[in-house]
Amino acid sequence: MQLSAAHRLVLRRVKLLAPLGDGDFEALMMFLRARSLSAGELLFRQGDPGETMVIVGEGSLAVRVRRAGGEEVLVAEIGPGEVVGEMAFIDPAARTASVVAVERATVYELSRDGLSTLRRA
C-alpha cells in the first residue's frame, strides 16, 4: 500500500530522512507502513525480537524498561519525527524496552525484510 501525500509530507520533515534525494525518498516510501495506535496500545514489548523500526509521525510514545524486581520505569518519551526500535532492528537482538502510545499516534514502520529489499535495489 502506498502512503498518501499527507503521509509523505509528514515524513519529508523527519530529520533522519531530510538528506535523502527525491529518488531515494520515494524508494523508501514503498517499504514504510503507516500504523495508527490508540492511547495505551503496545507497540513493542521488552524481550521481543526487533523486526521493525518506527518513525513517529504524530502523537507520542512512552519507552519503559522493566527492572529485575518487576517494576516498570519510564525512560523516555518519543515524539513526532523521532525514531524508536532502531537498535534491535539494526543489530538483531531482543528489544531492550517496551514502547506504548501515550496518546493516539501515527507511526511508520520499516521491516527488516523491507530494508533488505531496499538495499538490494
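**Exercise 1. In which strand is Gly57 found, and is Gly57 buried or exposed?**

*Solution.* Keep in mind that this is a predicted model. Start with the location: Gly57 belongs to strand β3, which covers residues 52–58. Next, take the accessibility. The relative value for Gly57 is 15%, and buried means under 20%, so Gly57 counts as buried.

Now look at the surroundings. Setting aside residues within four places in sequence, Gly57 contacts Val10, Pro80, Thr106, Val107 and Tyr108. As for distance, the C-alpha atom of Gly57 is 9.0 Å from that of Ala34, with their positions 23 residues apart along the chain.

**Exercise 2. Work out the order of the strands in the open sheet, and find which are the edge strands.**

*Solution.* The sheet has 4 strands, ordered β1-β8-β3-β6, with antiparallel pairing. Its edge strands are β1 and β6 (83–84), each pairing on one side only. Helix α1 (residues 5–12) packs on this sheet and touches β1, β3 and β8 (105–111). The direction of α1 makes about 80° with that of β8.

Then zoom in on one pair: β3 and β6 run antiparallel to each other, joined over 2 bridges. Here Ile55 stands opposite Val83 in β6.

**Exercise 3. Place Arg35 in its strand and find the side chain joined to that of Arg35 by a polar contact.**

*Solution.* Arg35 lies in strand β1, residues 32–37. Its side chain makes a polar contact of 3.2 Å with the side chain of Glu109. Beyond residues up to four places away in sequence, Arg35 touches several others, including Glu41, Leu42, Thr106 and Val107.

Key:
Residues are numbered from 1 along each chain as its sequence is written. This is a predicted model: local features need pLDDT of at least 70, side-chain atom pairs count only at pLDDT 80 or more; totals for chains, interfaces and linings use all residues. Side-chain values use heavy atoms; hydrogens and water are left out. A polar contact is a pair of N or O atoms within 3.5 Å; within protein, one must be able to donate a hydrogen and the other to accept it, and residues adjacent in sequence count only if both atoms are side-chain atoms. Contact means heavy atoms within 4.5 Å. Buried means under 20% relative accessible area, exposed over 50%, partly exposed in between (1.4 Å probe, protein chains only). Two strands pair if DSSP finds at least two bridges between them. Axes are lines fitted to C-alpha atoms, for helices over the stretch in contact, and angles run from 0 to 180 degrees between N-to-C directions.
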